[in-house]
Every structure is written in structure tokens, then in C-alpha cells.
There are 2 protein chains.
Amino acid sequence: MYGETNSNPNDTREFDAIYLGGGAAGRFGAAYCGALGGRVLIIDRWPFLGGSCPHQACVPHHLFSDCAAQLMLERTFSGKLWFQNLNDKIVSIKSIVELFRSGRVGPHAVMNYQSKEMLGLEFVLNAEARIINAHSVQVGDLKFHSKNLVLALGARPAISNLPGAQLKGVFNYQSFVEMLDYEPGNTVVVVGGGKTAIEYGCFFNATGRRTIVVARHQVMPMLKDAESRSYAIQMMAEQGMEFLENAELINIQSDEMGKVQAVSIQTAQGVIKVDTDFVFMALGERANTELVAQTIKLDLDDNGFIKVNRRMQTSIPCIYAVGDVTGPPMEMFKSRKEGVCAAKNIMGKVSEYRAIDYPDFMHTHYEVSWLGLGEEEARQRYANVKIMKLPPENPNGFDVGLPAGDRMMLYLMMKPRMSGFQKLIIDGDTRKILGAFHIGCGAKDGFQYLNHLMKQGLTIDELADMDELFISPSYFIQLCRLRAGDINLAWALK
Amino acid sequence: MYGETNSNPNDTREFDAIYLGGGAAGRFGAAYCGALGGRVLIIDRWPFLGGSCPHQACVPHHLFSDCAAQLMLERTFSGKLWFQNLNDKIVSIKSIVELFRSGRVGPHAVMNYQSKEMLGLEFVLNAEARIINAHSVQVGDLKFHSKNLVLALGARPAISNLPGAQLKGVFNYQSFVEMLDYEPGNTVVVVGGGKTAIEYGCFFNATGRRTIVVARHQVMPMLKDAESRSYAIQMMAEQGMEFLENAELINIQSDEMGKVQAVSIQTAQGVIKVDTDFVFMALGERANTELVAQTIKLDLDDNGFIKVNRRMQTSIPCIYAVGDVTGPPMEMFKSRKEGVCAAKNIMGKVSEYRAIDYPDFMHTHYEVSWLGLGEEEARQRYANVKIMKLPPENPNGFDVGLPAGDRMMLYLMMKPRMSGFQKLIIDGDTRKILGAFHIGCGAKDGFQYLNHLMKQGLTIDELADMDELFISPSYFIQLCRLRAGDINLAWALK
């Protein structure tokens, strides 16, 4: 009924919190609660801590995105230098998924180790919990009592209602890593326009398969700077990605074995039929609320996520909810910080949290990082917007020899249009940074700190005075330094 | 006598500064001087702006380091997934150098464009200048007069005095990209233990050649954290790099055609003879002072670099010197900021600069970023040092499934010891960050901002409150968050 357990029989204190779910929100919340001196227990249905991230979500996605970046490079240089000829070659998806299945035990093990040996967390894993009431949880024949419950139950991919959505060959990010047992054919259909759709779509494309992305509205709507979004989409299109926007999957057809063999797509130009044995659905997330709903009635929002106040309390104050189960953004920092926020409140340190003004990130074949305002919104809100970007406005467009950055150098030398795009948006009056966008490699980590600095009011002058590590993935520091001497910031840019 | 010129005949103002040299220091200094309202002229001997960086130094090094990272990955996965079999295969160095020679015109062109069209700089390129006096420079039959001269003349590789150092087959980073006209054989000898030696050495190694690094003292002495340095060196050794420390090249032998065919190396264990047709010397830099020495006598330091005060003035106050010509660190930010510092002083804004407390970076096959104190020095200076690192101390050493980061995911899945190492050093009393070390990919850009924040007194609590972009190249934010709740930071680490 339950598996690995790390509990301290010598600790007779009542639990301050039981975290139901040991993923990003639960594990970080429990660790913080413990660090504050509380006694916490994590109960998780999986035999490891870390939740869906290392098992089905972030870690596999990052593996697949690494493969996409690597394959794009190898295809671009196919037959040149030492590169093998990958032209027209299709790469096995199944073997990469199998690599992930065997490799994911590594992060599992180290997170268990860290939680047990370094953080001293108490937990019961591989356990089906049942909530008895707002203070009690049962696991098999064990009952645990706690001052508070914290629901860190996560979310799972939304399932399409379309007939045929249950056919073999129709996947989401979860079933893809758990269930794939055949080599997909030459054509992939991806349904959705958000991060997951684009990230997995680029991977499928990079394996050499025709990849059609079917989006109900726009693809990549979250990337608010039009020029940055345009570069990202153009680079995907040049890799052969096909985008059907304002389109909808209307039919999934089965072969005689019950496996998908074709789909029909409604577009503005009419219905398109595509033969495929592999459909990937990325339709968003649904909260895992079933466990709690068996016993307790909590207020949910219109999308079924558990409603919480800024202290992470549900409609029953001693029951907290944190992480994906409370709704978007489905990001690691948000889950973890909600877990920590609940821990603080449980331990008597009043704390409020809501995810706003955060940096953001997604993969195409590239790493795409952004923060703050896009140019269009900046111009609506500020009278004197200044733009710095690489490549600069110039007669050759993207086909020029900058930016250059780590892991982009081969592109720079042979196909410079592929070496990335970056943009900094500045209020010319206050000289403050309003937004930053980067498509390339290696800027993501910096965006974490840059976002923190921007919220403190970072100016072009402060940026210009930092010490860049050249060749820098982002050129923001040096671009600022070239211009900061001008009190009017009147450089010859649009 | 001189080539491309962009000067403004309608501008009758006297020049505020003539920058001799349009590299990092000269171009940035001139741009800043212009932004401050000054009139500036750049004179450069090359037909492009940007200096040695895009032509012989940073850009080729980064290309070669990208190749090293790429080749290490392909060798590690040789024959697995879609990867070709590179076992025992030697990759052409010459073709990569040729790619660089053809590709470097791209960055040249865009820097000329940016300087002319966007920054409005006046310049004379492809020009041999002669300094007439502290206010006058001659180029062919043109004479230019200026209130100030700024010497941004750069540096060049030091040349060994050893007999045979002039043989064909003995290179430095400059002659390597300019002169290589044959395919090096199977064994490379690299002389030096600093950044250039290691960076080029890793590239040669990654091409499949036996690579022996001969260092007079330690290799990588600049990486002050012993554990981080040890990881970096261990990973190089596992790629087959051979290190001879406390060793010295004592003899270079020629074949009958005047090309190197062997070297003798003095080690503590005796003299080793190595057959090789390719020796790479990385012995540091010498200042380009000849142009100025023809006419003007300036104070030089013991290593021949031009002495400057913190306003970048030489021993003749209206002559400034900036960039590599003033000595180490030979880093882009230092050159550029010295150029800017001179510009400010020339334009009447008193400014002082000295490169201290900067972040640092180098390539092995990995990206290696660091800032602040290593653990050993931190423990000497602080009583209560706390360490967080990935992988954590654990019975399996590096062979565990963290860290995981972009471009490290394939390693994580199959050879986790290769997925990187990272370490954060904290003063447990003030909770301030003392140092950070990262070996992997994608953390470099962040170290620029992290260093700025650390100088402002960044604490574990502030880091813990930032929004990480997961999977993060560095785990500093999340590692802090797991522990920051503990007022004693008494977690179970050494």
C-alpha cells in the first residue's frame, strides 16, 4: 500500500503540515516549513520526490528540446566539417523516449537523497492517501494528524473530448513518455499553440518528420514582442514547421486496429485531411482535485483549479493549496514559491504571494527568454521608447554576423541568420529597462537576475556599467554601454 | 596607404580625441565620447572595426570552443541514438580554421555598419598611422589634430625565445588562424596553463588528437575554488587531455623541411620527448607599444604595458591608454570600460576605473563561470561559511542525476557525471553570497548580473525570492530557497 518511508519515530511533535504531493510545490514547501522549525510530512503516490517534473514534464521536455537544438545544428551542417549527412534522414523518437525512461531514475534518486539526507524531510512515498478530514490523512493502515493540510496535488494534461482522442497514437506529454511503444511515421500533428505544443512540435520536426501545428488561435501568443515572435516563428518555419492558425482538429480517424491513421483539420480555407499515425495534444492542464473532492468541498475557479487567497489558503483556512493545482502559470518558481508561502503562514509568519512580473521562457529549437513589456505595449504606455537589438536594423535583415554567442558560433560562421535575435526595450525618459527578449542559447539564467534588477528600476546606465562576460549570450550590457553616454538617448534607431 | 574612411567634412570642430585602434577599447571609447558630444576619430590598421576580437581572438576561440562542446557530446554518444560513430576518428582542424577565415567577415561587416550608420563614428581604416606628437597623427598625406590621443593599440601573443619557436608548425592563437595551411597530425603539444592554453587545448583534444598541456606551474590557476577546479580538470582528463604541470618545453626539433617534428619536455620525472608536428604556444600577451615608442616616451610597467592612472592617463596627461595595451585582465569588459573611462575624462566628466571584483569565465569543453571567493579563501576570511552545491555530497560522487540544465540533458540521461558542477559559497552570519562557481552550459550570462548583485550585498534570502526559469542552468535560486527558512543555515552540509 505504501513504499519508501522516512519518518522520525522519535519526533513526538504534532505535524504542522502534511503536504499531499511531493512535487515542486510540496517538496519546497515542506523543506521550507522544516527549515522554519516545523514538523512536516510529505505523502506522494509516486515512489520518489520531485513530482511530475522529473518524471513526465520538465525533464523530458528539456531532453527533447536539447535533442531539437542538437539536431537542428547537425542538419544545418549536414555533410560539412565533421558532421554526418542527416539530409532526409528520420531519427528515432522511440529510442529517445526510451533513453528518458531509463535516465529519469537518476534525478529521482538524487532528489530522494537530498530530501532525506540533507533536508531531513519526513515522507511516505508510493502511497495512496485518503483525506479523512481537514486534519487527518490515511495511508493504508496508518493515520496521520496535522494542524494543516497542504494540497500540492499538481495537474495533468487536459484530454480532448473529440471522438478518437482515446485512440492509440493520440498522445499528450504524459502518455507520450509513458506509453509510446512504436516508431511514429513521417507525419506528426500537434494540437495547440502554447509552450508545450511548440516545444514538442520542434522536437518532432527536428527528428525529420513533417510537423503540422494546429492552433485554435495564434501560435506562441505568450511572446508579446511582435518582432521577437516573428523571428522565432520564421526560424521554425525555415526548419519546415507548418502552422495552421485559427484552425481546429475536427476528426480523428482510426485504422482497423484502433490506431489513428488520419485527422481532419478545419481551416479558414476549408477542411484538410492529413494522414498520420501520431497526434500530440497540448490542450492545457487540469487540476488533480479528485483526491480532495472525495471528502472535502473546496471552492474551485471556473477552470476547476482550487481557489486560494494570497496566503495560499483555500476556502477552508487550515487547508492550503499550492502549485499547479491552483492554476497557471504552470511554472516551477510559482509552484515552489506558493509552497514556501504556505509554509510561512503555517509557521506564523504572515506571507502573501501572487505570481506577477516574472521572467518567462520556452524552447523552440532555440531557447526563448523574455521579461517585461514587448515593444508594442511599451509604445502604448511610454512616450519615448528606445530599442536596441541584434541584428540591428540593416539592409541585410537577419543575414548579418551578429549576435554571436556560445553554441551559436557555427551558425554565425555559416548561416548567420540562425545565430539568434535579441532586443532591449528602454524608456528614454527615465532610462529604465522596460523589457528584454532573447532567442538563442544561454541567456535564460541571466533573465532570472535581470528580471529582479528590472523590478528594482534597472537603468541603461547601470547596465552599461556592469562587467560583461564576452562573447556574451546577450549583448545587453555592451549595447547599453555604446549609447549610455548620450543624455538624450538619441541614437539613430527607429 | 589608407582604406575605408568615414569622416565628416562638414564638421569643423577640433577632434576631442583620436583613438589609435578601433578594437574593444577604441571603438567603445570613441562611441561613448561621441555620445557625450565629443568629436572623435578612430584610426585602425585593419580594414574593419572591432580589433583582434572578431579577427583573431575571441570570435575564433568561441567557435573552437563550440566545436569542442559539440564534439565532446558527439563522442560521448558515438553510435547511440542518431549520433554518428566518431570513436577513434580525427576531425579536420584545418577545415574549421578555414570556416572561420571565411566567416569572420560577417562580424566585421556588421561592426563597421553599426559604427558608421548607427553610432555615426568617424574613422580611417586600413591605415598606418604615425604619431607626430601628443596632439597630431599622420596617415599617409593626411594630418589629424586632436586635443587628446587615446592609445587603444591592443596586445599580441608573446613569442617564445626557445630555439625552434619560429619553426613552421609552432603557433599561437594569432598565427593559428592566419597561417595554418596543413592538417595537424595526431599529437598536439600546448604550452601554457592559462585560459588560452586550456581553451585551445580542449578544442584540439576534441578533434580526436592526443593533446599534451605543458604548464610551468599549475594548469587553470585562475579557478580558485579547489573543488570546482578539480571537477573541470577531471572532466578534461576523462576526455583524454594530458597535463604536465611544473614542466617546461626545453627543445623544439625540426625536420629537414624546417617544420617541427618533435619537442622535449622537462618534467620532475625527467625529460620526455614527444613526436608532433603541431605546437601551440599560449604564453601570455605583449603590449603593442611600437607605434607610440617611435615618437613618444611613456612610462611602461615591468611587463612592458603602458602605465596609466585611474583616469586612464599615461605619463603624458593628454595621452590616454586603454584596453589590452595597459595590461591584464585581457577581458572585453575591461578594455571597453577603460575606453569609456578615458572618454568621460576627455569630455570633462571626471571618472576613475580599475578592473576589480569582476566575474570571470573560460571554456574547457564546458563553459566555466565564476565570481567572488573560492571555498578555501572564504573559509580563511569568514568563520561560518556555508556551501551549497550540485551534485551534493553523496556516496556516488558525480555519478548522480543532478545538476540538469539546457544542453546537459543528454549527459544527464546517460552519463550524469558529465552534466556539470556548481557551487554557491555563503557567509552564514551575514547570509551574503561570497562566491559562485559553475561548470556546464548557459550560466555565463547570469554571472554578469549575479556579480553586480553580489557587490550590492546579495543574500541567500534575496536569491531565494527570485523567479527561477526551470530547468535552470544554475540552481542557485532554488538551492537557496530550500534552505533560506533556517535562520541558522544549519543544514547538513560540510
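A residue counts as exposed when its relative accessible area is over 50%, and as buried when that value is under 20%. The model on screen is predicted, and this tour uses those two cut-offs at several stops.

**Stop 1: K143 in chain A**

Select K143(A), which sits in strand β7 (residues 142–151) of chain A. Its relative accessible area is 63%, so K143(A) is exposed. Now display what surrounds the residue. Setting aside neighbours within four places in sequence, K143(A) is in contact with I132(A), V137(A) and Q138(A). Add I131(A) to the selection: 12 residues separate I131(A) and K143(A) along the chain, and their C-alpha atoms are 9.7 Å apart.

**Stop 2: the β5–β6 hairpin of chain A**

Keep I131(A) and V137(A) displayed, and select strands β5 (residues 129–133) and β6 (residues 136–139) of chain A. These strands run antiparallel and are joined by four bridges. The hairpin connection from β5(A) to β6(A) is made through two residues. Opposite I131(A), in β6(A), stands V137(A).

**Stop 3: backbone details in chain A**

Most residues other than glycine have a negative phi, and most peptide bonds are trans. The next four selections depart from that pattern.

- Select L390(A) and P391(A). The peptide bond between them is cis, with omega near -5°. P391(A) belongs to the loop between β21 (385–390) and α12 (409–414) of chain A.
- Select F470(A) and I471(A). Here too the bond is cis, with omega near -10°. The loop that holds I471(A) lies between α14 (460–464) and α15 (476–483) of chain A.
- Select M312(A). Its phi is positive, near 75°. The residue is in the loop between α9 (290–293) and β18 (319–321) of chain A. With a relative accessible area of 1%, M312(A) is buried.
- Select R431(A). Phi is again positive, near 65°, and the residue is in the loop between β22 (421–427) and β23 (433–440) of chain A. R431(A) counts as buried because its relative accessibility is 13%.

**Stop 4: the interface**

Show chains A and B together. The contact involves 108 residues of chain A and 108 residues of chain B. About 9,300 Å² is buried between the two chains, with carbon and sulfur atoms giving 67% of that area. Nine salt bridges cross the interface, and 34 residue pairs are in polar contact across it. For one salt bridge, select R336(B) and E468(A): their side chains meet at 2.7 Å, N to O.

**Stop 5: E338 in chain B**

Move to helix α10 (residues 332–346) of chain B and pick E338(B). Is this residue buried or exposed? At 5% relative accessibility, E338(B) is buried. Leaving out residues up to four places away in sequence, E338(B) touches M312(B), V322(B), G323(B), T326(B) and Y353(B).

**Stop 6: strand β2 of chain B**

Finish with β2(B), residues 15–20. Six of its six residues are buried. In a regular strand the side chains alternate between the two faces of the sheet. Color the strands that pair with β2(B). With β7 (residues 142–151) of chain B, the pairing is parallel over five bridges. With β3 (residues 40–43) of chain B, the pairing is also parallel, through four bridges. Which residues are the bridge partners of I18(B)? L149(B) is its partner in β7(B), and L41(B) is its partner in β3(B). Last, add helix α1 (residues 24–35) of chain B, which forms a right-handed β-α-β unit with β2(B) and β3(B).

How values were computed:
Residues are numbered from 1 along each chain as its sequence is written. Chains are lettered from A and ligands numbered from 1 in the order in which they are written. This is a predicted model: local features need pLDDT of at least 70, side-chain atom pairs count only at pLDDT 80 or more; totals for chains, interfaces and linings use all residues. Side-chain values use heavy atoms; hydrogens and water are left out. Buried means under 20% relative accessible area, exposed over 50%, partly exposed in between (1.4 Å probe, protein chains only). Two strands pair if DSSP finds at least two bridges between them. A crossover is right-handed if, with the strands pointing away from the viewer, the path from the first strand over the helix to the second runs clockwise. Contact means heavy atoms within 4.5 Å. Buried area is the accessible area (1.4 Å probe) that two parts lose on being put together, summed over both. A salt bridge is a side-chain nitrogen of Lys or Arg within 4 Å of a carboxyl oxygen of Asp or Glu. A polar contact is a pair of N or O atoms within 3.5 Å; within protein, one must be able to donate a hydrogen and the other to accept it, and residues adjacent in sequence count only if both atoms are side-chain atoms.
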